[in-house]
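Open the model in your viewer and keep the sequence panel visible. The stops below are given in the order in which to select them.

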Amino acid sequence: MKDNKTIHKPKIWTKIGLTSDLDYFIENLSMLVGSGMNISLAIGSIGKELRSSKMRSISKWIQEEISAGSSLAHTLEQTKLFSDHVVSLIKIGEESGKLSQNLALVSEQQKKDRMFRSKLTSALLYPAFVLSLTLIVSIGIAWFILPKLALVFDQLRIELPVLTQILIATGEYLEESGITAVPIFLFLIALIFYFVFLFPKTKHIGQSILFHLPGTGELIKQVELARFSYLLGTLLDAGLPVTRALRSLGEATTFSKYKNFYTYLEASIADGNSFKKSFAFYRKLKHIIPAPVEQLIVAGEQSGNLSASLGKIHETYEAKIETTTKNLAVILEPILLVIVWLGVVSVALAIILPIYSLIGGLNRGPQVAPNVSVQETEGQEIIFEEPELEDPAEEAVLAELNEAVPAESLLNLEILSTGLGYLNVRDEPSLDGQITGRVLPGETYQYIEESNGWYRIILSDDTEGWVFGQYVRINETQ
């Protein structure tokens, strides 16, 4: 009779953080029971070596339940930690007196399942690492380097290409708001990843993506076929009914495409259909099971040796998994290189195009603006800018000045040599004045007035300017 003071019904525990301890529990229980040790003592011995305090508590409760008279299968089922096919195998082992053999079978299944999971994980780890590193480097460049480039391009005062404008705008935004924007961005990426690959109701989207990736989809199919053939063959050999074995397959797989297929097979065979007939009515069968595997299963069913046929399928696909895992990195590497290359080229073009545009502009030389006049003297081309009079009042003053000072009363002024081959014309009588044009030695102009050693001359197009008196000579003859 159970002592309610010492035996406490467990809560519904989850497997989070207990996977390695569960594997250790089953593996050692199989060895100890196989050696002839009492189940209760074996569980007590194992419980002392478990790392997780939660699993030690569960082990103690299992020991108490078994000591009180419960069966091992019933007790393990109550913990909600073991899958249906594990409980079924243990139950069959207890009923048939083959508990140690079935525990060894469960331990081997767990090893196979760990192997299948590790193959998938290792295959997906490399691309995930490369893409994550690319994302981190891209954020670092945008956050710390692009703002510096924005300052350089702003000082050059050149028109930037659209790609450069986008990257510069991104860099400036991150410089101002990166402390909040980057964590929010990474959180959104993690949230999208969770809903696409992990959330039960939407993870079929991520699985569909994985199935369509080069190499990855083939590896997933091989892993599922190896698990299907091994688990179904093992359960059938242990004496489990086909429908119960197919239900266990549906619980063991994480891919909805195969879960739906196993559920369909269970229902179809429960209705009295054979594997051959069930396969014939499943429309998407060719995307799940290759034709040779289908034929082997049908032949094994018809010959009454289905478990042997499933064993051959398992051996074949286990070997294929090894080859595909080794080749997957070679298949995915070019795709990852293209992704990284596109990112590098985008940044490089955004930086190089503005510099190329600037160099091209320098090679073309100075351009003559619309308000620039060209005068040829002794085979040389002289360029000087026409000052624009934006104020109508200035135009009126200039007109009055021209009327007040007749052309015959103006004095002549000759330009002397400066050592540079030209003399600058400025808009005011000072070296601080803006250069509006150039005059050449030997040319003669009329001047209006003199101020602080500067002369106000009239150029050929009736514009005016000031030249320095040190390099001119006044011609007093009329």
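Begin with helix 13, residues 291–303. This helix has 13 residues, and the distance from its first C-alpha to its last is 18 Å, close to the 18 Å expected at 1.5 Å a residue. Bear in mind throughout that the model is predicted.

Next, colour the buried residues of helix 13, which are Val293, Ile297, Val298 and Gly300. They lie on the same side of helix 13, because the arc they cover around the axis is only 160°. Turn to the face pointing away from that buried side: the exposed residues there are Pro292, Gln295, Gln302 and Ser303. Just after the helix, select Gly304, where phi is positive at about 75°.

Now select helix 9, residues 216–237. At 1.5 Å a residue its 22 residues should span 32 Å, and the end C-alpha atoms are indeed 32 Å apart. Is helix 9 enclosed by the rest of the structure or open? It is largely enclosed, because 19 of its 22 residues are buried. Following helix 9 comes Gly239, with a positive phi near 100°.

Keep helix 9 on display and add helix 10, residues 242–252. The two helices pack at an angle of about 145°, and their axes are 9 Å apart. Their crossing is right-handed. To see the contact, show side chains for Arg227, Phe228, Leu231, Leu232, Leu235 and Leu236 on helix 9, and for Val242, Ala245, Leu246, Ser248, Leu249 and Ala252 on helix 10.

Move to helix 6, residues 99–156, and pick Leu149 within it. Leu149 counts as buried, since its relative accessibility is 19% and the cut-off for buried is under 20%. Which residues does Leu149 touch, leaving aside those up to four places away in sequence? They are Ile168 and Ile351. Draw a distance from Leu149 to Ile351: the C-alpha atoms are 8.0 Å apart, while 202 residues separate the two in sequence.

The next stop is Thr75, in helix 4, residues 72–79. Thr75 is buried, with a relative accessible area of 0%. Not counting residues up to four places away in sequence, Thr75 touches Trp61, Ile62, Glu65, Ile66 and Ser70.

From there, go to Lys80, in the loop between helix 4 and helix 5 (84–96). Lys80 is not a glycine, yet its phi is positive, near 60°. For context, most residues other than glycine have a negative phi.

A second residue of this kind is Asn452, also not a glycine, with a positive phi of about 55°. Asn452 sits in the loop between strand 6 (444–451) and strand 7. Is Asn452 buried or exposed? At 70% relative accessibility, Asn452 counts as exposed.

Finish with the strands. Select strand 7, residues 454–458, together with strand 8; the two run antiparallel and are joined by five bridges. One pairing to label is Ile458, whose bridge partner in strand 8 is Glu464. Then isolate strand 8, residues 464–468: four of its five residues are buried, so the strand is mostly covered.

Methods:
Residues numbered from 1 in each chain as written. Predicted model: local features only at pLDDT ≥ 70, side-chain atom pairs only at ≥ 80, totals over all residues. Heavy atoms only, no water. Expected span 1.5 Å × (residues − 1). Buried < 20%, exposed > 50% of the residue type's maximum accessible area, 1.4 Å probe, protein only. Arc of directions from axis to C-beta. Contact = heavy atoms within 4.5 Å. Pairing = 2+ DSSP bridges. Axes fitted to C-alpha atoms, helices over the stretch in contact; angles between N-to-C directions. Left-handed = near helix turned anticlockwise from the far one by under 90°.
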